[in-house]
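This report describes one protein chain, beginning with its overall build and moving on to its surface. The structure is shown first.

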Amino acid sequence: MDPAAMAIAPEERTLAALTHLSGLAGYIIPLGGVLVPIIIWAVKSDSKVISSIAKQALILNVAVFVLIACTALLWLTILLIPAVICFWVLLGLAAIALPIVGAIKAFDGTYYRYPVVGVTPA
């Protein structure tokens, strides 16, 4: 099934939107961007849509952390510092924009799959 055409049931739309936004909890609560999606995934494991959105939020946050950690080593080379800063800015914008776009789409009833790290409900 094409995830772009997948509809979210009206009773799950609010929770789906909040699940997308749960990844942003890490900006308020330390480790919240990882713990909140894990909790939602565990509690709503019976819902394929909600659990797959929680997986996406978790994978996105872990991928962002790993990419920042790996590129932090490039600070050792003075020439690559501007490239690392540009990469981090773009990565930060994507990490903030993707959950917001996903929440808007979920509230409208459309399943949103994140580019690269997104999963499709099984």
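In what order do the elements of the protein chain run from the N terminus on? The order is α-α-α-α. The model is a predicted one, and its protein chain has 4 helices and 0 strands.

Some values for the whole chain are set out below.

| Property of the protein chain | Value |
|---|---|
| Span of the C-alpha trace along its principal axes | about 50 × 25 × 20 Å |
| Share of the 122 residues that count as buried | 37% |
| Exposed area | about 7100 Å² |
| Distance between the mean positions of the positive and negative charges | 5 Å |

Contacts can also be sorted by separation in sequence. Of the contacts between residues at least 6 apart in sequence, 63% join residues at least 24 apart.

The surface comes next. Carbon and sulfur atoms supply 78% of the area that the protein chain exposes. The charges behind the last table row are 6 positive and 5 negative ones.

Which residues make the nonpolar surface patch of about 790 Å²? They are L18, L21, Y27, I28, I29, I96, I100 and I104. Two helices, α1 (13-22) and α4 (81-108), each supply at least two residues of this patch. The largest share, 3 residues, comes from α4.

One member of the patch, L21, lies in helix α1. Is L21 buried or partly exposed? L21 has a relative accessible area of 34%, so this residue counts as partly exposed.

Key:
Residues numbered from 1 in each chain as written. Predicted model: local features only at pLDDT ≥ 70, side-chain atom pairs only at ≥ 80, totals over all residues. Heavy atoms only, no water. Buried < 20%, exposed > 50% of the residue type's maximum accessible area, 1.4 Å probe, protein only. Contact = heavy atoms within 4.5 Å. Areas by Shrake-Rupley, 256 points an atom, 1.4 Å probe, with all protein chains shown as cover. Lys, Arg positive; Asp, Glu negative; His and termini not counted. Charge placed at Lys NZ, Arg CZ, Asp CG, Glu CD. Patch = residues over 30% accessible without salt bridge, like charges linked within 9 Å, V, L, I, M, F, W, Y side chains within 5 Å. Salt bridge = Lys/Arg side-chain N within 4 Å of Asp/Glu carboxyl O.
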